[in-house]
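Colleague: Could you take me closely through one part of this model, going slowly enough that I can follow along in the structure?

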Amino acid sequence: MTGPVPASPWLPTAPCTPRLCARTARPAVSRGRAVARLTAGAGTVLAGVLLAPLTALLGRPGRERATRLWCRAVLRAFGVRLRVVGRPDGGRGLVVANHVSWLDIPVVAAVLPGRMLAKSDVRHWPLLGPIAARGGTLFLERDRLRALPGTVGALAHALRGGSRVVVFPEGSTWCGRAHGRFRPAVFQAALDAGAALQPVRVTYRPTGPAAFVADDPLLASLWRVAAAGRLTAEIQILPPVPAGRHTDRRSLAAAAQRAVHTAVASDSANRPASSVHQCASSIPADASSPRTPS
């Protein structure tokens, strides 16, 4: 295992590490069952990639239904149970969520399918890269600050065109026991497009197997998820923020952060105490991990 990847001065960092945060849960399934899950998951992803061109023949409602069904099938193949709290209103706009894992992508898309914003590296990932490219993902070059206005413009254009756009504004992954500040740049797209905001909260029980942080290898994360016993992903649909309620991106980002992080804190209060992130209380609120799918 290599050490933490040095971050650019404007990129966030976090206390989350694979050694402390991304642990295999107990009970774990047998090695044979884990291999079967990993094989089934890879096969389900590949089938979706190969069949994706056919969805172009469907209208938007048909494509979204196909995406929801496919993402739920991917989660089931990996042995992940999905629990949905609340009901989406079916409207368009900017969906914002906290960020724990690559699993966040199929979890959110299983309920609120839309165009994702991801870091450019994701395009070249095994399994997940083809999904992202086929699904109309908008890619961000995180280490090129000059590219950010163009990305915000692309997000606004997609929103104006009636697309639902999904972003993880913490800018990176946290393990789920702590969280980072919502970066305000992407919220400008919602303001420019006059789009509503839909906050959602994603949590995992147990937390460790799903966490994908710092220099964690993707294949190691895939194996932990496949080997986990009784891994449940929960997505909570929070009250939407109507267009026009906030007039600047910072206040809009702060409102979304309060909604999502308050829900996360409330959920964490019902879990057993953990000492893993006692040190996180001294970390600035805008910190987050340099390793992330978005």
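Colleague: Please begin with the loop between β6 (197–205) and α8, where P206 is found, and then work along to what surrounds that part. Which residue does a cis peptide bond join to P206?

Modeller: Bearing in mind that this is a predicted model, the residue joined to P206 through a cis peptide bond is R205, and omega there is about -10°. P206 itself belongs to the loop that runs between β6 and α8, so named here as the way into the helix that I would look at next.

Helix α8 covers residues 218–227 and packs with helix α2, residues 31–51, at an angle of about 120°, the two axes being 8 Å apart; the crossing in which α2 passes α8 is right-handed. On the α2 side the contact is made by R31, A34, V35, R37 and L38, and these meet L222, W223, V225, A226 and A227 of α8. Sorted by class, this contact of α2 with α8 holds 8 nonpolar residues and 2 charged ones, with no polar residue.

On the other side of α8, in the loop that leads between this helix and β7 (231–237), you will find R230, whose phi is near 55°, a positive value in a residue that is not glycine.

Returning to α2, the helix also contains L46, and L46 joins L50, L51, L54 and L57 in a nonpolar patch on the surface, whose accessible area together is about 570 Å².

For the wider setting, a search of the whole structure finds 6 salt bridges. One of the salt bridges is formed by R92 with E64, with 2.4 Å between the closest N and O atoms; this pair links distant parts of the chain, 28 residues apart, since R92 sits in the loop between β1 (80–85) and β2 (94–97) while E64 is in helix α3 (residues 60–77).

Key. Residues are numbered from 1 along each chain as its sequence is written. This is a predicted model: local features need pLDDT of at least 70, side-chain atom pairs count only at pLDDT 80 or more; totals for chains, interfaces and linings use all residues. Side-chain values use heavy atoms; hydrogens and water are left out. Axes are lines fitted to C-alpha atoms, for helices over the stretch in contact, and angles run from 0 to 180 degrees between N-to-C directions. Helices (H or I, at least four residues) and strands (E, at least two) are DSSP runs, numbered from the N terminus. A crossing is left-handed if the near helix is turned anticlockwise from the far one by less than a right angle, and right-handed if clockwise. Contact means heavy atoms within 4.5 Å. Ala, Val, Leu, Ile, Met, Phe, Trp, Tyr, Cys and Pro count as nonpolar, Asp, Glu, Lys and Arg as charged, and the others, Gly among them, as polar. Patches are made of residues with over 30% relative accessible area and no salt bridge: like charges are joined within 9 Å, nonpolar side chains (Val, Leu, Ile, Met, Phe, Trp, Tyr) within 5 Å. Accessible areas come from the Shrake-Rupley method with a 1.4 Å probe; for residues, only the protein chains shown count as cover. A salt bridge is a side-chain nitrogen of Lys or Arg within 4 Å of a carboxyl oxygen of Asp or Glu.
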